[in-house]
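Work through these short exercises with the model open. Try each task before you read its solution.

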Amino acid sequence: MTPGPRSLGVCYYPEHWDPAIWAVDARRMAEAGLTWVRVGEFAWSRIEPEPGRLDWDWLDAAIDTLGAAGLKVVLGTPTATPPRWMLTRHPDMLALDAEGRPRGFGSRRHYCFSHASYHEECRRIVTLVADRYGRNPHVAAWQTDNEYGCHATTLSWSPAALAAFRRWLAARYGSIAALNAAWGNVFWSMDYGSFDEIGLPNLTVTEPNPAHALAFRRFSSDQVVRFNRMQAEIIRARSDAPISHNYMGRITDFDHYAVGADLDIATWDSYPLGFLEDRVPATPEHQRRFAQQGDPDFQAFHHDLYRAVGRGRWWVMEQQPGPVNWAPFNPAPLPGMVRLWTWEAFAHGAEAVCYFRWRQAPFAQEQMHAGLLRPDNAGAPGLDEARQVARELADAPAVAPARAPVALVFDYDADWAWSVQPHGRGLDYFGIVFAHYRALRRAGLSVDIVPPRADALAGYPLILAPGLMHLPPALAARLCDGEAEVLLGPRTGARTGDFAIPVPLPPALPGWDLVVSRVESLRPDMPRALVGGGQVTGYAETLEGSGERVLTGEDGSAVALRRGRVTYMGAWGDAAALDRLVADLCARARLATLALPDGVRVRDTGAERFWFNHNPQVTETPAGPIPGAGVLRQPSV
Ligand code: GAL
């Protein structure tokens, strides 16, 4: 069969190793069936050991050695790790945390996105790197920086950020009177006389004005976009190779769609076991059950999200190959899981999956992080699974991407709005969108995650858009006037663009008298039961107006109402409630569903259906038994 365009790769740090071993490493990578090697993203101190003294020899030799073995290089720009001399040159380049403390030197990502001189230093080093390697035949792709936002680094509360924020506000609002009016600064005598009087929304006595806080979140996101665009423009002018950035799991504090618009490929770094302990919404039972497999939906969610961010082109740039070092607990994956994670990415449309990292480092911060090789050069268990996938890829039919039947809207701006004013502990936008994603996947559906734009919604029979706190009129019209079954709420249209409650009251959907007359957040131990099964947890709205009852509380209240093809859910439903909603919406949209056993998930491509068993044991499925930590591929149904 014709092999598909899918390939494997690895992250490699030639600067960590004796050059005498590079050629052996390169040969072993190629023999293992790897195509890509990412290098360079943390190597600034070795490329430029002193300001202006450049040492390219080692990087030239490393790239030549890898290329000579038939490998393709992804070259990273080194801007996530400014060397120590940079701090001597620019002592105020550090980001400050919300308490005003500098984020010190000695790890990485300590820079402030708004620092003008650091921005110029990055422009200089990216230009030098792109000048030198832009036409190198072995450099077949680029990566800008490394994991924007990781280690809570999007927001900086520095003087540089303050100055840039004031300029951003002046450009956005035009006059200080307009800003005062838009933010409601009359409340608590917060009116400003000029943009120069505005501070950052930290260190206030009690909470800052939410409009102020949201504006700072938007500004901070724009700073990431601007920084990345600078790099992409420099590289694009010097190279024809595609440009990517490696995003992270559940980092939402900059607009990835906006960063992605300046790039050719979205990539992300997938650490399923680290994430399960660290950032998946899950009970302790769930964490224990999937401790060595990872959450069955969390990686898939990001595959689908970053497919949208990359406008169809995406990779996994770092795939966990064994135990990591950074989560509260760091078990080894069950045998078979590295292969499963790799195939899952391909089933969701990845062009490449690269493992992090080639050889485990015996020194510094990540010495307890597995590689494909052990520190003594023997193969680690992940290497065998990578080899197995490489063999399987050679015989596999091409994966034809297919549009999913369901679109799930993900909106970064809504995420910031929820976090500025959650109204109850634990209520967050990522959590509610992910809860809907899980319900769709439990029903066996493949999902496309889409941005909150009217033009992204065409052609889907079912669209879910929970929690869109700001709903621009064009998007509201598209959602409510289209052909699709649509699920909205809770908090749809709950705030204007400047974070005020709109009047007429939300959700103000076209042609519907529905009004959210009151909102309340609930203690987690006080759920409210629904007639027919399921519960409201955490957040509840009082709905007024006409509409067909879809879900009703045991107290007789309307919890979900419908008019025509639009269903409004005025609550955060638990899994059982969301399963009921999804079943009902799929029946209306004439979409087939599956009753999947726990831990089993499917993904449809154009030609195949992939089954993934995240359970440790053989599990019976509608397609027959699937081995534990196993993958089954079937021709499309
Ligand atoms: C990623 C990062 C890598 C490495 C890895 C360890 O977040 O991009 O450089 O630190 O985590 O799991």
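**Exercise 1.** Which cysteine sulfur is closest to the sulfur of cysteine 354, and why is there no bond between them? Keep in mind that this is a predicted model.

*Solution.*
- Step 1: Recall that a disulfide is a covalent bond between the sulfur atoms of two cysteines.
- Step 2: Take the cut-off, which is 2.5 Å between the sulfur atoms.
- Step 3: Find the closest sulfur to that of cysteine 354. It belongs to cysteine 11 and lies 5.9 Å away.
- Step 4: Compare. The distance is too far for a bond.
- Step 5: Look at the surroundings. Cysteine 354 has a relative accessible area of 0%, so this residue is buried.

**Exercise 2.** Find the closest cysteine sulfur to that of cysteine 122, then state how many disulfides the model has.

*Solution.*
- Step 1: The closest sulfur is in cysteine 112, at 11 Å.
- Step 2: This too is too far for a bond.
- Step 3: Cysteine 122 is buried, at 0% relative accessibility.
- Step 4: The disulfide count is zero.

**Exercise 3.** Describe the open sheet made of E20, E21 and E24.

*Solution.*
- Step 1: Write the order. The three strands run E20-E21-E24, with antiparallel pairing.
- Step 2: Mark the edges. Strands E20 (600-604) and E24 (630-635) each pair on one side only.
- Step 3: Add the angle. Neighbouring strands are turned by 20° against each other on average, direction ignored.
- Step 4: Check one pair. E21 (residues 608-613) and E24 share six bridges. Asparagine 613 has glycine 630 in E24 as its bridge partner.
- Step 5: Add the helix. H13 (residues 337-347) lies across E20, E21 and E24 and runs at about 150° to E21.

Conventions. Residues are numbered from 1 along each chain as its sequence is written. This is a predicted model: local features need pLDDT of at least 70, side-chain atom pairs count only at pLDDT 80 or more; totals for chains, interfaces and linings use all residues. Side-chain values use heavy atoms; hydrogens and water are left out. Buried means under 20% relative accessible area, exposed over 50%, partly exposed in between (1.4 Å probe, protein chains only). Two strands pair if DSSP finds at least two bridges between them. Helices (H or I, at least four residues) and strands (E, at least two) are DSSP runs, numbered from the N terminus. Axes are lines fitted to C-alpha atoms, for helices over the stretch in contact, and angles run from 0 to 180 degrees between N-to-C directions. Contact means heavy atoms within 4.5 Å.
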